[in-house]
Amino acid sequence: FRRVLFRSKAFNNRYHEHLICQKCGKVEEFADSRINEVVEHIEDKYQFSVHHHLLYIYGLCKACRESE
């Protein structure tokens with residue numbers, strides 16, 4: 001597993017998450033409204049005000065999976 005350093009580019013959506021390939025280091029940003037729904041549920045359930053959250057999902061990108 002190599003270390004991945006990246007600067008998050010501005011995404012069209014303020015809230016976005018990251019897919020990180022553990023083989024080539026590619027970082028892809030994505031947004032999914034269901035994640036925001038979970039955050040809102042957590043705020044309600046725990047009476048907690050979320051100011052920021054991070055989600056990084058590690059795995060293999062399509063190109064690296066196909067090269068194996």
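**Cysteines and strands in a predicted model**

Colleague: Why is cysteine 21 not bonded to cysteine 64?

Modeller: In this predicted model, the cysteine sulfur closest to that of cysteine 21 belongs to cysteine 64. A disulfide requires the two sulfur atoms to lie within 2.5 Å. The pair is too far apart for a bond, because the separation is 3.7 Å.

Colleague: How many disulfides does the count come to?

Modeller: Cysteine 64 takes part in no disulfide either, its nearest cysteine sulfur, that of cysteine 61, being 3.6 Å away. With the cut-off at 2.5 Å, the count comes to 0.

Colleague: Is cysteine 64 buried or exposed?

Modeller: A residue is classed as buried under 20% relative accessible area. Cysteine 21, at 3% relative accessibility, meets that criterion. The relative accessible area of cysteine 64 is 8%, so this residue is buried.

Colleague: Which residue in S2 is the bridge partner of histidine 18?

Modeller: S1 and S2 run antiparallel and are joined by 4 bridges. They form a hairpin with 5 residues between them, where glycine 25 in the turn has a positive phi of about 85°. Within this pairing, the partner of histidine 18 is glutamate 29.

Colleague: Which residue in S3 is the bridge partner of leucine 19?

Modeller: Strand S1 (residues 17-21) is largely enclosed by the rest of the structure, because 4 of its 5 residues are buried. S1 and S3 run parallel, with 4 bridges joining them. Leucine 19 has as its partner in S3 isoleucine 57.

Colleague: Which strand has the highest mean pLDDT?

Modeller: The protein chain has a mean pLDDT of 84. Among its elements, strand S2 has the lowest mean, 91, whereas the highest, 96, belongs to strand S3.

Conventions. Residues are numbered from 1 along each chain as its sequence is written. This is a predicted model: local features need pLDDT of at least 70, side-chain atom pairs count only at pLDDT 80 or more; totals for chains, interfaces and linings use all residues. Side-chain values use heavy atoms; hydrogens and water are left out. Buried means under 20% relative accessible area, exposed over 50%, partly exposed in between (1.4 Å probe, protein chains only). pLDDT is the predictor's confidence in each residue, from 0 to 100. Helices (H or I, at least four residues) and strands (E, at least two) are DSSP runs, numbered from the N terminus. Two strands pair if DSSP finds at least two bridges between them.
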